[in-house]
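User: I am new to this structure and would be grateful for a close look at one part of it, namely a place where two helices pack together. Please set that part in the context of the whole.

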Amino acid sequence: MQNKQLVKVTKGPKRQAESTVSDNGVLQPLKMSKQELYKAPTVEEFNQLKEAENLFHCNLLKMQMDELLKEVALSEHRKNLLDFFVQQITHLLHTVPKSEVVELEDLSWLSGVEVPIRFIPKVAKGKFHMEPPESINLVGSYPLGTCIKPQVSVDLAVTIPATILHPMDAINQKYPQKRALYLAGLVQHLMSTKTVGSLRYSCLHGNRLRPLLLIKPRELSEPPTPHYNSTILGDHLPLSHFQFLSANSTQCPAFRDVVALLKVWLRQRGLDQGAGCFCGFHASMLLAYLLSTHKVGKSMNAYQLFRNVLHFLASTDLTKNGITLAKNADTKAPSIPEFHMAFSVVFVDPSGHLNLCADMTTFTYKQIQHEALLSIKIWDDPTVDCFQALFMTTKAMIRTYDNVFYLSELVKLQASCKKLSLLNELMDHSGNYVLAAFPFILSLLQQGLGERIHLLAHSLPPDPEWSVDSAPPKHKNQPPLCVGLLLNLQHALCSLERGPPADSPKATEFRQMWGSRSELRRFQDGAITEAVLWSGSSVCQKRLILREIIAHLLQLHADIPGSCVRFVGQLDSLITVDKEDSTTGEEESLKVIQAYEDLSRKLWQLEGLPLSITSVQGAHQVIRCTQVFPPVPVKLDYSFFVGEKNPVGLMPKADKPCPYYITPIKVIVHMEGSGKWPSDHLAIHHIKAAFHVCLGELLNKHHKYRYHAKPTYLDVWKDGLAFRIHVAYHREPQILREALTPEGMLIYRDNPEAQSLELETQHKPYLTSTLHGLQQQHGCFGAVSRLSKRWLASQFLLEDIQEEPADLLVASLFLHSAPFDPPSSPQVGFLRFLYVLSTFDWRNNPLVVNLNQKLTAADYAELKNDFVVSRESLPAMFIATPNDKTVSVWTKEAPSVQMLQHAVMLAAKSLQVVQAQLVDSSLKQDIRVVFRPSLEAFDVLIHLVPKQVPLLAKAVDPPLVTFQQGVFKGSATTERALPIIDYDPVRLYLSELREAFGDLALFFYDPFGGTVIAVLWKPKAFESQSFKTTLMNARRVEVYNDVVSTVPNVEAILQDFHLIGEGLVKTVELRTEKWVI
């Protein structure tokens, strides 16, 4: 009777060598001699080139995989150190002294060592003694050559002598008890030596009946059940498994490399450690299965084998159709259907008796299948950097799944076992109520959530570790269990759960499922069915339906109270538009779009225009659902305003606060081309001004809309909203570029005015239309973008990473989501936004946003090549789209290199803080902390009068008391006069400050309710300059050694801050003394 203990020899991660890069962060080419450079390729190199051409998208992927394998492989020096230490441990284990025979319950011979198992039931009768192991064998990944860094472990299978065991020890848990006692005896012996560093207990994949001993060197009556039987069998077969894998490894040259790649792939997805994991051993066995069944060829390379393993995982459901490695199993071996009756996932070992996936849940395997299928899709997309996505990106649950919640106070699962009648399962898991109840709780949630989710995944309970001189930890002491949901937005937000007809046999089952929440309802089609109605009218409220369902099902069926279920924080409150209706902008954006579409139709139908309209295009962010706080229809309170008419608009009374901010919604109206258009740009401006007047008069005549015409635009008041119409002529940018040489030749020269006009009349409408379409495909795109821009604004970054590049950055999360699925909740989208902003290599790569999938693989290659060639002349943040491959029009002016680095740093820190708060319940739960800017680095703070800040109610920390701003909620059909549109005194004040002092300081402000303007002096501004009468703005004269120079007059500048902002500025606070010369 062979019985083996598993002892792991572990070694810490090795320090990695630093890559050689230039000072500015650009990778440098490898220098080679001329002879080496032009050396003829060998036959092996020819084969490698051919292989790369046929199998890989590019040579780069093959080189990346080769480099990864080199990185994770053990060095010869490290192998020698490990071999030496293993020899020492083996020698020590062979010198275990023989002890006297004692009763099994007598532990007096153990001193300073605890037994790594809880005796349930109490210790049975029997005899035990210590003596040297029968044999010690190296097993696992180290002798196979599939061991990878950084977590290096060597498995030693220690065979318990047959004289210690009895043939009847397999029942009543005698064997696990003797096994644990023998392991404790080995610990006692090893503790007496100086060779060993730390000794700690752990469990094999969370199985408490299979404790392990982790050794680190010094620096430098229960009936047999399926899981219990698997525990016993698992200790008999390590050596035979190792021999089986060794044979396959020898026959397949790429075996070791494939297993290493699979281990990295599994580790990045958190699937290789914990109870019920799919570790490197399972990956090795699966590869051996594919080889033994000839599903893959032994001569295949690592790339081909890895891809075939992923394809097999994606296409084979081991929860329904198990597989076996046993070719000639004996007659006593269970059949595959019998294994399926006892286990969720079936993968039988070569003996035909052991299910290698005995501890794995259905949901873990479904997660593996989903990841494999997603990886194959990524691999097949030539525009994706599949190496980075598959092997280099860690998929934390908090950034992978749309909704995440934690089950804490796991002792409550004891009550769940009783409620769910899981006595047999509890016995099967030897009293581990967490492992017994958790799969049934997950099945319950899967049934209840149904079509609302694509995937339900869960974290794997970690392998516990504890000191050798302490008792094993209790089941309730393990960390909270994490559950993640991938949402199906077509059904996830439905407030009605429609069940079977009242007279259907399934109606009883439906009522049992939902309890008191189920009720009979009559529908418009006349059907009377069981149904469950969940609360929620707005999109924001409907996002909470899943929480309500989960809490209800857990309480009803598993006796898990709501206090034990912690849902990861909701970030929607930061973009709340209407607190009374709990809306976060979706409904408001839809109303604006409906009003815009109605205005567009009426513009098309206008008669009496000198030229016809060729297009009406929205050019405002609210049309693409990405304005942080969409405009809300309002009615004017005329008692707030002065009665006299004013050409600018209604003016507030002197004692009133700043009026409500009316957002102008920009609309571009293109007029048809005609010979009537002049060729002079000033004349074109006059013609456009006349069109503004004409359009306003016609809209007022036919639809009674109030309007205000200006030379450059037309403001129209419709349904409580302000639309700002700009007339455009398609040839105007070209005319602005025309110039005459002294010789009278017509040439075209680009200029800022033409570029700005082209941006406003062509690029922005196209972007708005495209992103509006993206919002139709992905319902939470707008919410993610608004939340991300709210963070940018709160950290004073929105003037550098402006609205359009921010929207494109968010769009990339949906269009190029690898290795994730596209986000389906604002929270996960915001976390990925911070992750991409903080980790993307802006210096060496362009961010390509493939709108409407217009770019091909060839376009990607050309774009990246052009980027590398022209990098020094391109913006710090380069965002390419199908219509903008070479310029990056949205980031051409900003951000600067310094501000981009600042944004990257803030995003990394914010991501760290947010993730820590969402995961760790012991931290103070205040997500708004990352939306509060640090003011420590600024030199001057200009505090504003709150009543003069129009968007004060939208601040990160809004005031408890608000004030009336001259409007009522709702829309009016007609208004007597127009209010002042687009009036923001803080923005105007900032504009004056920058114009007057922009050469001396930088000014930062949160446009959404900020009450502080932060000022940062420019270092170069405080250098002494030669006296010049033209350079005396905000400077004073100093004479030193008969040399006249000028320095900034800081006292006068601070006084000017007050004077320019009179009535708006409350105080000016000095924070540093850096301004002293």
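Analyst: Accessible areas come from the Shrake-Rupley method with a 1.4 Å probe. On that basis, the accessible surface of the protein, which is a predicted model, comes to about 50300 Å², and 54% of this surface belongs to carbon and sulfur atoms. Of the 1077 residues in the protein, 52% are buried. Taken along the principal axes, the box filled by the C-alpha atoms is roughly 105 × 85 × 60 Å. The secondary structure comprises 32 helices and 35 strands.

The part chosen for the close look is the packing of helix α26 against helix α28. Helix α26 covers residues 781–794 and helix α28 covers residues 826–839. Their axes come within 9 Å and cross at roughly 50°. Because angles from 35 to 65 degrees fall outside the parallel and perpendicular ranges, this crossing makes α26 oblique to α28. The crossing in which α26 passes α28 is right-handed.

On the side of α26, the contact is made by Ala783, Val784, Leu787, Ser788, Trp791 and Leu792. Helix α28 contributes Pro826, Gly829, Phe830, Phe833, Leu834 and Leu837. By character, the residues of this contact divide into ten nonpolar and two polar, with no charged residue. Gly counts as polar in this division, and Gly829 of α28 is one of the contact residues.

Notes:
Residues are numbered from 1 along each chain as its sequence is written. This is a predicted model: local features need pLDDT of at least 70, side-chain atom pairs count only at pLDDT 80 or more; totals for chains, interfaces and linings use all residues. Side-chain values use heavy atoms; hydrogens and water are left out. Axes are lines fitted to C-alpha atoms, for helices over the stretch in contact, and angles run from 0 to 180 degrees between N-to-C directions. Helices (H or I, at least four residues) and strands (E, at least two) are DSSP runs, numbered from the N terminus. Angles under 35 degrees count as roughly parallel, over 145 as roughly antiparallel, 65 to 115 as roughly perpendicular and the rest as oblique. A crossing is left-handed if the near helix is turned anticlockwise from the far one by less than a right angle, and right-handed if clockwise. Contact means heavy atoms within 4.5 Å. Buried means under 20% relative accessible area, exposed over 50%, partly exposed in between (1.4 Å probe, protein chains only).
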